[in-house]
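The exercises below can be worked through with the model at hand, taking each solution one step at a time. Please try each task before reading the solution that follows.

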Amino acid sequence: MIRLVVLVSGGGTNLQHIIDRVNDGTVTNTEIVEVISNNKGAYALTRAENAGVPAKVISPKDFDEREAFNKALIAELDNVKPDLIVLAGYLVIIPPEMVEKYPNKIINIHPSLIPSFCGTGYYGLKVHEAALKRGVKVTGATVHFVDEGTDSGHIILQKAVEIKDDDTPEILQKRVMQEAEWKLLPKAIDLFANGKLTIKDHKVFISE
């Protein structure tokens with residue numbers, strides 16, 4: 001059984017779906033050992049508490065230097081010894097040392113079909129605002145491994161979501177969550193937990 005740590009910043013809807021899918025057996029061979037938030041007021045912390053999952057706040061605001069925060073975050077991860085780290089709406093830049101220490105053991109969910117609308121500055125509603133401004137007809141979500149870049153790691157899963165003429169960024173954000181994010185992230189965790197992901201020639205292959 002793998003040890004899963006989930007990093008969050010906000011409401012925690014993706015976290016809730018991970019918790020629910022672990023509890024109902026959709027995600028197998030997985031134990032959520034800790035939730036870490038950079039935000040003391042994140043509702044995701046309440047979700048963790050309600051599920052009986054240990055939760056901790058480690059915020060850059062509590063440290064004089066970013067390097068001190070980075071060390072504290074990595075020290076906490078080392079303490080709980082995760083097999084997989086999931087960024088579920090985590091709005092903090094991951095320290096390079098963390099990526100080096102946990103290669104191909106960190107995954108992220110991004111609310112677009114990478115390589116569209118991704119990279120520096122594209123997060124949250126900004127992604128959906130950009131998609132609507134560009135006039136694309138299809139958007140979606142991507143689960144990918146995290147590397148030293150921004151949204152540049154190996155792609156694990158993607159799912160397309162139709163854009164409708166009367167969409168606002170808020171409406172589109174909710175549809176992408178419901179139709180793509182909440183399905184993709186638990187599925188990716190289950191694949192990882194059961195040894196079904198292989199990286200070869202810069203691609204992720206899924207075995208059944």
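**Exercise 1.** In this predicted model, determine which strands helix α3 lies across and at what angle the helix runs to β2.

*Solution.* Begin with the extent of helix α3, which covers residues 66–80, and then look for the strands beneath the helix, which are β1, β2, β3 and β4. Fitting the directions then gives about 160° between helix α3 and β2.

**Exercise 2.** Establish the order of the strands in the sheet, and state which strands form its edges.

*Solution.* Following the pairing from one side to the other, one reads the order β3-β2-β1-β4-β5-β6-β7, an open sheet of 7 strands with mixed pairing. The edge strands, each pairing on one side only, are β3 (55–57) and β7 (155–162), and the twist averages 20° from one strand to the next. As a further step, consider helix α1 (residues 13–23), which packs on this sheet and touches β1, β2 (30–37), β4 and β5 (106–110), its direction making about 160° with that of β2.

**Exercise 3.** Find the sense in which β1 and β4 pair, and the residue that stands opposite Leu4.

*Solution.* Strand β1 spans residues 2–8 and strand β4 spans residues 84–87, and the two pair in the parallel sense over 4 bridges. Within β4, the residue opposite Leu4 is Leu84.

**Exercise 4.** Count the salt bridges of the structure, and describe the one that Asp62 forms, including the exposure of both partners.

*Solution.* The count is 5 salt bridges. In the one formed by Asp62, the partner is Lys40, with the closest N and O atoms 2.8 Å apart, which satisfies the cut-off of 4 Å. The pair links distant parts of the chain, since Asp62 belongs to the loop between β3 and α3 and Lys40 to the loop between β2 and α2 (43–50), 22 residues apart. For exposure, Asp62 has 46% relative accessibility and therefore counts as partly exposed, whereas Lys40, at 54%, is exposed.

**Exercise 5.** Explain why the salt bridge of Lys101 and Asp78 ties together separate parts of the sequence.

*Solution.* First, the side chains of Lys101 and Asp78 meet at 2.7 Å, N to O. Next, Lys101 lies in helix α4 (residues 96–101) and Asp78 in helix α3, so the pair joins parts that are 23 residues apart in sequence. Finally, Lys101 is partly exposed at 47% relative accessibility, and Asp78 is partly exposed with a relative accessible area of 28%.

Conventions. Residues are numbered from 1 along each chain as its sequence is written. This is a predicted model: local features need pLDDT of at least 70, side-chain atom pairs count only at pLDDT 80 or more; totals for chains, interfaces and linings use all residues. Side-chain values use heavy atoms; hydrogens and water are left out. Two strands pair if DSSP finds at least two bridges between them. Axes are lines fitted to C-alpha atoms, for helices over the stretch in contact, and angles run from 0 to 180 degrees between N-to-C directions. Contact means heavy atoms within 4.5 Å. Buried means under 20% relative accessible area, exposed over 50%, partly exposed in between (1.4 Å probe, protein chains only).
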